[in-house]
Amino acid sequence: ARNTATGTNASSNDTAIYITAELRASGKYEVTRGFYNFDTSSIGAGQQIDSGTFSLSHVGDSNGTDPHGLVQTSPISNTSASVDDYDNLTLNSPNEGATRLSSFGAGYNNWSMNASGTSWINPLGVTNLGIRMAADIDNSTPSARSYRSWYAADQTGTANDPKLVVEHSIPPASPLQGYSLRYAYDAAGNI
């Protein structure tokens, strides 16, 4: 399940997104990944990304304790999901964009982005992020059923939508190149 090139299901209009790395009752493994695309083009050129926080609102879970990691994705399209997106991410030992979350509460849960995560923010286009369970990231064989579900943008209203908050600023100006001038004057003030 983990190493396959294509998924078995992809949807761009779910009300919740399930993240799994689990052993099903049938004896088969199931791994699902969440892809989140944000139009960050309004940040604009010449901006310095100071910080970023990715947030998902919790729907429910199987009482599993598997942490979730934030990764960068490269979907085929920024507007629709495809089963071919399943492996459009770094599969083994990916850079993670934040410390893994291992404690989950009701409402929003936040990943405070590290330097890798903020480097993924595209100030001129779309920022593509993903969530994976630790067992998926670490290539560990799941031994039980473990899933967590998060509200998607297509659920009713916007109060629980996935969100990306980016702090940005104009970078400090580069110092002008220094130079010195030297003039020699005579006693009368002539050069």
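## Reading a predicted β-rich chain

Leu129 is found in strand S7, residues 126-133.

Me: Before we go further into that strand, what kind of model is this, and how many helices and strands are in the protein chain?

Reply: This is a predicted model. The protein chain has nine strands and two helices.

Me: In what pattern do they follow one another along the sequence?

Reply: Reading along the sequence you get β-β-β-β-β-β-α-β-α-β-β.

Me: Back to Leu129, then. Is Leu129 buried or exposed?

Reply: The idea is to look at relative accessibility, where anything under 20% counts as buried. Leu129 has 0% relative accessibility, so it counts as buried.

Me: And which residues does Leu129 touch, leaving aside those up to four places away in sequence?

Reply: Quite a list: Gly34, Phe35, Tyr36, Phe38, Phe54, Leu70, Val71, Thr73, Met113, Trp120 and Leu164. There's also a distance worth checking in the viewer: the C-alpha atoms of Leu129 and Pro75 are 9.5 Å apart in space, with their positions 54 residues apart in sequence.

Me: What share of the contacts in the protein chain with a separation of 6 or more comes from residues 24 or more positions apart?

Reply: That share is 81%. As for burial over the whole chain, 38% of the 191 residues are buried. The chain exposes about 10900 Å², and carbon and sulfur atoms supply 46% of that area.

Me: Let's try a polar residue. Where does Asn109 lie, and is Asn109 buried or exposed?

Reply: Asn109 lies in strand S6, which covers residues 107-112. With a relative accessible area of 6%, Asn109 is buried.

Me: What lies 2.9 Å from a polar atom of the Asn109 side chain?

Reply: That's the backbone oxygen of Gly105. Beyond four places in sequence, Asn109 touches residues including Phe54, Leu56, His58, Leu101 and Trp150. Phe54 turns up among the contacts of Leu129 too.

Me: On to charges. How many salt bridges does the structure hold?

Reply: The general idea is that side chains of opposite charge can pair when their charged atoms come close. In this structure there are eight salt bridges.

Me: Take the one between Arg145 and Glu22. Which parts of the chain does the pair tie together?

Reply: The N to O distance in that salt bridge is 3.3 Å. Arg145 sits in the loop between helix H2 and strand S8, and Glu22 in strand S1, so the pair ties together parts that are 123 residues apart in sequence. The two ends differ in accessibility: Arg145 is partly exposed at 46%, whereas Glu22 is buried at 1%.

Me: What about Asp138 and Arg100?

Reply: They form a salt bridge too, and their closest N and O atoms are 2.7 Å apart. Asp138 is in the loop between H2 and S8 and Arg100 in the loop between S5 and S6, so the pair ties together parts 38 residues apart in sequence. Asp138 counts as partly exposed at 42% relative accessibility, and Arg100 is partly exposed as well, at 25%.

Me: How does the pair Asp136 and Arg132 compare on burial: buried or exposed?

Reply: Asp136 is buried, with a relative accessible area of 1%, and Arg132 is buried at 0%. The closest N and O atoms of their salt bridge are 2.9 Å apart.

Me: Which residues are joined into one network by salt bridges that share partners?

Reply: Those are Glu22, Arg24, Glu30 and Arg145. You've met two of them already, in the Arg145 and Glu22 pair.

Me: Now loops. Is Thr141 buried or exposed, and where does Thr141 lie?

Reply: Anything over 50% relative accessible area counts as exposed. Thr141, at 60%, is exposed, and it lies in the loop between H2 and S8. Its C-alpha atom is 8.3 Å from that of Leu23, although the two residues are 118 apart along the chain.

Me: And Gln155, in the loop between S8 and S9: buried or exposed?

Reply: Gln155 is buried, with a relative accessible area of 10%. Not counting residues up to four places away in sequence, Gln155 touches Asp14, Thr15, Asn160 and Asp161. So a loop position doesn't settle the matter: Thr141 is exposed, while Gln155 is buried.

Terms used. Residues numbered from 1 in each chain as written. Predicted model: local features only at pLDDT ≥ 70, side-chain atom pairs only at ≥ 80, totals over all residues. Heavy atoms only, no water. Helix = DSSP H or I, 4+ residues; strand = E, 2+ residues; numbered from the N terminus. Buried < 20%, exposed > 50% of the residue type's maximum accessible area, 1.4 Å probe, protein only. Polar contact = N/O pair within 3.5 Å; in protein donor to acceptor, adjacent residues only side chain to side chain. Contact = heavy atoms within 4.5 Å. Salt bridge = Lys/Arg side-chain N within 4 Å of Asp/Glu carboxyl O. Areas by Shrake-Rupley, 256 points an atom, 1.4 Å probe, with all protein chains shown as cover.
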